[in-house]
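Work through the exercises below with the sequence and the model open. Each one has a task and a stepwise solution.

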Amino acid sequence: MGSKLYVGNLNYRVGDADLERTFAAYGTVKSAQVVMDRATGRSRGFGFVEMGSDQEAQAAIAGLNGKEMDGRNLMVNEARPPERRGGTGGGRRY
């Protein structure tokens, strides 16, 4: 188990500090980041939190997964590495 967590179904008004405050109840928060859309600068509705230890991460998952935050039920689980996208750019062959 890793200490980095994926947090989904966030209200678009939730910021990094809100996320950090919520997860701090379960242990040391190393980092908390809401992912923002590059084009609009608006939240994409999910983020990542890195806890101080695996035990704290497990406690946060148990305590927050499915719980309501700012009108929405959170989805909290262990973050997975990004999926590798295949292909070479989709260019045409002539």
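**Exercise 1. The surroundings of S3**

Task: List the residues in contact with S3, leaving aside its neighbours within four places in sequence. Then decide whether S3 is buried or exposed.

Solution.
Step 1. The model is a predicted one. With those neighbours left aside, S3 is in contact with V49, E50, M51, S53, D54 and A57.
Step 2. Place S3 in the chain: the residue sits in the segment before β1 (4-8).
Step 3. Apply the cut-off: buried means under 20% relative accessible area. S3 has 16% relative accessibility, so S3 counts as buried.

**Exercise 2. The β2 and β3 pair**

Task: Find the sense in which β2 and β3 pair, and the bridge partner of V29 in β3.

Solution.
Step 1. Take β2 as residues 29-36 and β3 as residues 43-51.
Step 2. The two strands pair in the antiparallel sense, over six bridges.
Step 3. V29 has M51 as its bridge partner in β3. M51 is also one of the residues in contact with S3.
Step 4. Look at the turn. Six residues lie between β2 and β3, which form a hairpin. G41 in that turn has a positive phi of about 75 degrees.

**Exercise 3. Salt bridges**

Task: How many salt bridges does the chain have, and which parts does the pair of D70 and R13 tie together?

Solution.
Step 1. The criterion is a side-chain nitrogen of Lys or Arg within 4 Å of a carboxyl oxygen of Asp or Glu. The count comes to two salt bridges.
Step 2. D70 and R13 form a salt bridge through their side chains, at 3.4 Å from N to O. D70 lies in the loop between β4 (68-69) and β5 (72-73), and R13 in the loop between β1 and α1 (16-23), so the pair ties together parts that are 57 residues apart in sequence.
Step 3. Check exposure. D70 is partly exposed at 37% relative accessible area. R13 is exposed at 63%.
Step 4. R21 and D18 also form a salt bridge, with their closest N and O atoms 2.5 Å apart. Both residues are in helix α1, three residues apart, so about one helical turn separates them.
Step 5. R21 is exposed at 56% relative accessible area. D18 is partly exposed at 27%.

**Exercise 4. The whole chain**

Task: Give the order of helices and strands along the sequence, and the share of residues that count as buried.

Solution.
Step 1. There are two helices and six strands. Their order is β-α-β-β-α-β-β-β.
Step 2. Of the 94 residues, 31% count as buried.
Step 3. Take the contacts between residues at least 6 apart in sequence: 62% of them join residues at least 24 apart.

How values were computed. Residues are numbered from 1 along each chain as its sequence is written. This is a predicted model: local features need pLDDT of at least 70, side-chain atom pairs count only at pLDDT 80 or more; totals for chains, interfaces and linings use all residues. Side-chain values use heavy atoms; hydrogens and water are left out. Helices (H or I, at least four residues) and strands (E, at least two) are DSSP runs, numbered from the N terminus. Buried means under 20% relative accessible area, exposed over 50%, partly exposed in between (1.4 Å probe, protein chains only). Contact means heavy atoms within 4.5 Å. Two strands pair if DSSP finds at least two bridges between them.
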